[in-house]
Amino acid sequence: MKIEIDSGAKEWIALKGNELTVKTMEVRACCAPGVQDLVAVPGKPKKITSFHEFIIDDVSIYVQKSIRGKEKLTLKLSGFSLLKSISAKLQ
């Protein structure tokens with residue numbers, strides 16, 4: 001898997017402890033099919049055996065094994081001030 005991360009995201013992750021977890025999250029509704037999306041959260045996952053670890057410039061990125069490895073994962077910083085977060089997209 002190729003991981004592309006912008007400089008702002010690297011700096012933000014470094015401030016949060018140099019670890020980021022990327023996993024899938026399914027949102028279900030009563031009248032519509034469920035939607036799966038990627039979520040990036042600071043920190044190390046609880047069940048590390050379910051994740052692949054990638055190290056990029058001293059930043060550990062844990063990607064859930066169910067996320068396909070042949071695609072490119074793009075991580076970007078979004079938001080402002082206290083509302084900053086990392087957006088994760090597969091391409």
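Two strands are said to pair if DSSP finds at least two bridges between them, and the exercises below use the word in that sense. The structure is a predicted model.

**Exercise 1. In what order do the 3 strands of the open sheet stand, and which of them are at the edges?**

Step 1. The open sheet is built from 3 strands in the order β1-β6-β7, with mixed pairing.

Step 2. Strands β1 (2-5) and β7 (85-90) each have a single partner strand, so one side of each is left without a neighbour in the sheet, and these two stand at the edges.

Step 3. Direction ignored, neighbouring strands of this sheet are turned by 20° against each other on average.

Step 4. Strand β6 (residues 72-78) runs antiparallel to β7, and 6 bridges join the two; at the level of single residues, L77 stands opposite I86 in β7.

**Exercise 2. Describe how helix α1 is placed, and state which of its residues are buried and which are exposed.**

Step 1. Helix α1 (residues 7-15) lies across β1, β6 and β7, and it runs at about 75° to β6.

Step 2. The buried residues of the helix are A9, W12 and I13. Because they cover an arc of only 100° around the axis, they fall on the same side of α1.

Step 3. This can be set beside a general rule: an α-helix has 3.6 residues a turn, so residues three or four places apart point the same way.

Step 4. On the other side of α1, the residues S7, E11 and L15 are exposed.

Step 5. After the helix comes G17, whose phi is positive, near 110°.

**Exercise 3. Follow the pairing of β4 with β5, and place S60 within it.**

Step 1. Strand β4 (residues 51-56) pairs with β5 in the antiparallel sense, over 6 bridges.

Step 2. The two strands form a hairpin with 2 residues between them, and in the turn D57 has a positive phi of about 50°.

Step 3. Two of the bridge partners can be named: F54 is matched with I61 in β5, while I55 is matched with S60 in β5.

Step 4. Most of β5 is covered, since 5 of its 6 residues are buried. S60 has a relative accessible area of 13%, and because buried means under 20%, this residue counts as buried.

Step 5. Not counting residues up to four places away in sequence, S60 touches N18, E19, L20, E53, F54 and I55.

**Exercise 4. Is T21 buried or exposed, and what does its side chain reach?**

Step 1. T21 lies in strand β2 (residues 19-27).

Step 2. The relative accessible area of T21 is 3%, which means that this residue is buried.

Step 3. The side chain of T21 reaches the backbone oxygen of G43 at 2.7 Å.

Step 4. With neighbours within four places in sequence left aside, the contacts of T21 include V39, A40, V41 and G43, and also K44, P45, F51 and Y62.

**Exercise 5. How many residues has the largest nonpolar core, and which elements give two or more residues to it?**

Step 1. The largest nonpolar core has 17 residues, and those with the most contacts inside it are V22, I61, L73, L75 and I86.

Step 2. The elements giving two or more residues to this core are β1, α1, β2, β3 (35-42), β5 (59-64), β6 and β7.

Step 3. As a general tendency, nonpolar side chains in soluble globular proteins tend to be buried together.

Step 4. For L73, neighbours within four places in sequence being left aside, the contacts are M1, K2, I3, E4, V22, L38, V63, A88, K89 and L90.

**Exercise 6. Compare the settings of L38 and I48.**

Step 1. L38 lies in strand β3, whereas I48 has its place in the loop between β3 and β4.

Step 2. At 15% relative accessibility L38 counts as buried, while I48, at 37%, counts as partly exposed.

Step 3. L38 and T24 are 14 residues apart in sequence and 4.6 Å apart in space, C-alpha to C-alpha; for I48 and K10, the separations are 38 residues in sequence and 21 Å in space, again C-alpha to C-alpha.

Step 4. Leaving aside neighbours within four places in sequence, L38 is in contact with V22, K23, T24, I67, L73, A88, K89 and L90.

Notes
Residues numbered from 1 in each chain as written. Predicted model: local features only at pLDDT ≥ 70, side-chain atom pairs only at ≥ 80, totals over all residues. Heavy atoms only, no water. Helix = DSSP H or I, 4+ residues; strand = E, 2+ residues; numbered from the N terminus. Buried < 20%, exposed > 50% of the residue type's maximum accessible area, 1.4 Å probe, protein only. Polar contact = N/O pair within 3.5 Å; in protein donor to acceptor, adjacent residues only side chain to side chain. Contact = heavy atoms within 4.5 Å. Axes fitted to C-alpha atoms, helices over the stretch in contact; angles between N-to-C directions. Core = buried A, V, L, I, M, F, W, Y, C linked by side-chain atoms within 4.5 Å. Arc of directions from axis to C-beta.
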